[in-house]
Amino acid sequence: MRRFFHIKRLYSYILTTYIPLLLMTFAICLFLVLMQFLWKYVEDMVGKGLEISVLAEMFFYAALTFVPMALPLAILLASLMMFGNMGESLELLAVKAAGVPLLTAMKPLTILIVAISIGAFFYQNDVMPKIAAKNYSLLISIRQASPELEIPEGVFYKDIPNYNLYVGKKDQKTGTLHNVLIYDIENGFNSMAVIVCDSAKMSMTDDKKMLLFTMYNGQQFSNFDQGSSSSSRYNNDFVPYARESFDTKTMMIDYDANFNRMGEDVIEGSSTSNYVSKNLSQLGASIDSMSLIMDSVNRVDRKTMKNYSYLSFRNGYPAGKKDSLIAAARLTPVDVPAPDTLVRSKPLNDQSAILQNAFMKADNNSNEFIFRSLNKTTTQKTINRHWIELHRKFTIPFTCLIFFFIGAPLGSIVRKGGLGTPIVISVIMFIIYYIVDNVGYKMTRDGVWAHWFGMWFSSFILLPIGVFLTYKAINDSVIMNADTYVNFFKRIFFIRETRKYPVKSVIIEKPDYNEISRSLSELSQKIDLFLERYGHLSYRDYWMDTSYNKELRSIRSSMEISLNSLSNSNRLEVLSKAEEYPVLFNIVRIFETGSLPAKICMYFFPAGIIIRLLSVPFEWTIRKDLKYIQQLNGELIPILHGIHGPETVALA
């Protein structure tokens, strides 16, 4: 009962610590992706006089759209920070010392993340389609909104449709434009009008749909449309135009400066191309309908190609004997009428007409099939995009779960809290995920990979990492310790440490040479038995025999005990001989011998055989070292007996 009470308090502490941390990291991650959105679309928003309410609405919908992207990163960062803080403050050590395993401590957060993942799925399926429709309609409306009229000096301004406007100088106080030149091409280039004036003023109508342009002291030049009855010389050498001088002239130009919002039905009403505003059932229905269309088009194309394309030479054969003649031509030489013979039998003019007709038909067929192929390619890409959206409704929630089982174990291994190390690790992991996910997305979009493989490709990569880190964290691994990797590469390249036994100035416990000699003799006997039993380690024993490592550890332990005792000697010949003893390696094993993963790897022959072959050099090195230890024992024991004999006599 008391243990249950303590575990309940632990769960409460973990949840009350993690949830605020998750909310904080989620706000940070959402802000970062919103800044990316702002940099991407800032040019579409600047200079259009949009109201604050419109901008706020756009950012609100954009934030809701980016929730699936920010949520996995927030879970990863929050898990790293929390378990890193607990490891750094030794709270995890206290939890494990109390007999609570890491998975048990993670249980409430696991339930929480599963609930968040389920909520993310329903958010993707039910909420995102509506939000995406509103977001895209608003974004398209903003893009199509007319910019504010801010005419620069000294350059041509082209943002007014059908007009090019040049202003030499502007009076900022009165808004008067000086030295104005206007090219009016509203009625076409041949009927273009050019207006030159000393000054002008611009204003909008009350409904902001017309632009009033009042000009002072200027002239207007405009071309006349040339009638069809004019002579060719008149058309080529003379263009009639009109010239008008004015003191004041007012011109009204169509220019809608209002913000016109596009209806959401334009986005939601599309049944094929707009995949972002559909839920699972709608996506499935669209995929089925487009797949049926593709199948019908493919059947028509195959029939057309069979009858009129590469098999069209059959039409020159008699209808009743067409198939039999072709079948016979494949087996035995048969006199089959050739199209070339038929052509050569015609007159020369008819031959030319026949060839020309053939070229035209071939060109028409080619263009028709190219057009149909482009339509099928577009339809297939649309189907692929629908599959992408369908799988994303499942991959995003699953990614949240994977990132938790990456962040929590990694935080307990790293044992670094705060924002420094967790942010670095989170960014690296998220970049890896983003790159891998984009590779799968583009391969699926282009039809290179199957849709299920491409969209789950990032999960296939990250899931083993999460399982590996969780396994290492449960077993208190030191994978983040640099010495672990240094020792690993030393084993790979057979680089071993050298022994150093200097002469000690003060010896507290003098060595018992008689006991050491007896221990070395027993060590040589152990090595003999080991080499006799494991001279050739079989494939099954490599994976299943647990006594191999036990006996090897026993040999190493006995040797190290004897050498530690000899390190207290003041005899140089003894110390120099002790320094020659090698440091024994272990065989590098991925899984513990006899464990379930080892059994699986043993029966999974391609991987098991490769790993077994890689261990052969280590076994050879171990056998060589053991034989060398026996040789050194044979050289050292007489030296120890020579030291021990006189001392025994003197004591007697």
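Strand pairing and a helix in a predicted model

Me: How many bridges join E4 to strand E5 (residues 210–223), and what makes two strands a pair?
Reply: Eleven bridges join E4 to E5, and the two run antiparallel. Two strands pair if DSSP finds at least two bridges between them, so the eleven bridges meet that requirement. This is a predicted model in which local features need pLDDT of at least 70 and side-chain atom pairs count only at pLDDT 80 or more, while totals for chains, interfaces and linings use all residues. Residues are numbered from 1 along each chain as its sequence is written, and side-chain values use heavy atoms, with hydrogens and water left out.

Me: Which residues of E5 are bridge partners of Ala-200 and Ala-193?
Reply: Ala-200 has Met-215 as its bridge partner in E5, and Ala-193 has Ser-222. Ser-222 also stands opposite Ala-242 in E6. Between E5 and E6, which run antiparallel, there are 13 bridges.

Me: What joins strand E3 (residues 177–184) to strand E4 (residues 193–204)?
Reply: Seven bridges join these antiparallel strands. Tyr-183 stands opposite Val-194 in E4, and Ile-182 has Ile-195 as its bridge partner there.

Me: Why are E1 and E6 called edge strands?
Reply: The open sheet has six strands in the order E1-E2-E3-E4-E5-E6, with antiparallel pairing. Strand E1 (156–157) and strand E6 (241–254) each pair on one side only. Strands are DSSP runs of E with at least two residues, and helices are runs of H or I with at least four, both numbered from the N terminus.

Me: How do you know that the span of helix H19 (residues 547–566) is close to the expected value?
Reply: The expected span of a helix is 1.5 Å times one less than its number of residues. H19 has 20 residues, for which 28 Å is expected, and it reaches 29 Å from its first C-alpha to its last.

Me: What makes a residue such as Leu-552 in H19 buried?
Reply: Buried means under 20% relative accessible area, exposed over 50%, and partly exposed in between (1.4 Å probe, protein chains only). The buried residues of H19 include Tyr-548, Leu-552, Ile-555, Arg-556 and Met-559.
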